[in-house]
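Here is a short guided walk through one protein chain. Have a look at the sequence and the model, and then follow along section by section.

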Amino acid sequence: MAGPFRARRMTNLVFRFATVQGRHVQWFLRRNCSVTPIQLVWLYVSLCVVSLGIGMFFWFQGAPLVIPFASLELVAVGLAFLVYARHTTDGEHISLQEGQLVVEWESAGKLERAEFPREWVRVEPRAGNGSLIELSGRGKTIRVGRFIRPELRPLLAKEIRLALRAA
């Protein structure tokens, strides 16, 4: 498996973030999630068991208000975990194939797609050092680079420019 720091070659060009297969170049930019949704479910279930177990112990000791507060806490944590789980598949897929630059961006299950003719694409960083990369052409604009560190975005923009010129 190639990590983001392994260099790839397209003819005589070196790419740090791209996957190259012949003349097809792809960038997969994903959110860095340390916990999978299944692991999150198991964590939440174990948290519920422990919290409600402690609440039941105190219920039997004569403190009946512990269970409602523990339940309220578990609902709040459950909602936070749900928001986290919805965004685990967020990412950007940029591909250069057959003269088209195709950008797909997914956020919380919503997918946006933009296609640009290779020769009309402009690649520009937005104002500011850590800003997103703006891809525009023929009246369409999309910003990419949300899932890469701000200091690496200029390198990604350079790679996209090089791939557009070499294709």
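## A hairpin and its neighbours

Strands β5 and β6 make a hairpin, with 2 residues between them. One residue of this turn, E98, has a positive phi of about 50°. Please keep in mind that this is a predicted model, so the geometry described here was computed from predicted coordinates.

Let us stay with the hairpin a little longer. β5 covers residues 91-97, and β6 covers residues 100-107. The two strands pair in the antiparallel sense, and 7 bridges connect them. If you would like one pair to find on screen, look for G91, which stands opposite E106 in β6.

β5 also has a partner in strand β4, residues 24-30. This pairing is antiparallel too, and it has 6 bridges. Here Q26 is a good place to look: its bridge partner in β5 is S95. How many of the 7 residues of β5 are buried? The count is 6, so the strand is mostly covered, as buried stands for a relative accessible area under 20%.

## The sheet of three strands

Now move further along the chain. Three strands form an open sheet in the order β8-β9-β10, with antiparallel pairing. Its edge strands are β8 (122-125) and β10 (140-144), each of which pairs on one side only. On average, neighbouring strands of this sheet are turned by 25° against each other, with direction ignored.

Between β8 and β9 (residues 133-137) there are 4 bridges, and these two strands run antiparallel. Within this part of the sheet, R122 stands opposite S136 in β9. Helix α3, residues 153-166, packs on the sheet and touches both β8 and β9. The direction of α3 makes about 170° with that of β8.

## Two loop residues with positive phi

Most residues other than glycine have a negative phi. Against that background, two loop residues are worth a visit. A108 has a phi near 55°, a positive value in a residue other than glycine. You will find A108 in the loop between β6 and β7 (110-117). The relative accessibility of A108 is 21%, so it counts as partly exposed.

R138 likewise has a positive phi, near 55°, and is not a glycine. The place of R138 is in the loop between β9 and β10. Is R138 buried or exposed? With a relative accessible area of 58%, R138 is exposed, because the cut-off for that word is over 50%.

## On the helices

Helix α1 spans residues 37-60 and includes W42. W42 is exposed, since its relative accessible area is 60%. This tryptophan belongs to a nonpolar patch on the surface, together with I38, V41, V45 and V49. Taken together, the residues of the patch have about 530 Å² of accessible area.

Helix α2, residues 66-86, is where P68 is found. P68 has a relative accessibility of 43% and therefore counts as partly exposed. Which distance separates the C-alpha atoms of P68 and L52? They are 9.8 Å apart, and the two residues lie 16 residues from each other along the chain.

Key. Residues numbered from 1 in each chain as written. Predicted model: local features only at pLDDT ≥ 70, side-chain atom pairs only at ≥ 80, totals over all residues. Heavy atoms only, no water. Buried < 20%, exposed > 50% of the residue type's maximum accessible area, 1.4 Å probe, protein only. Pairing = 2+ DSSP bridges. Axes fitted to C-alpha atoms, helices over the stretch in contact; angles between N-to-C directions. Contact = heavy atoms within 4.5 Å. Patch = residues over 30% accessible without salt bridge, like charges linked within 9 Å, V, L, I, M, F, W, Y side chains within 5 Å. Areas by Shrake-Rupley, 256 points an atom, 1.4 Å probe, with all protein chains shown as cover. Salt bridge = Lys/Arg side-chain N within 4 Å of Asp/Glu carboxyl O.
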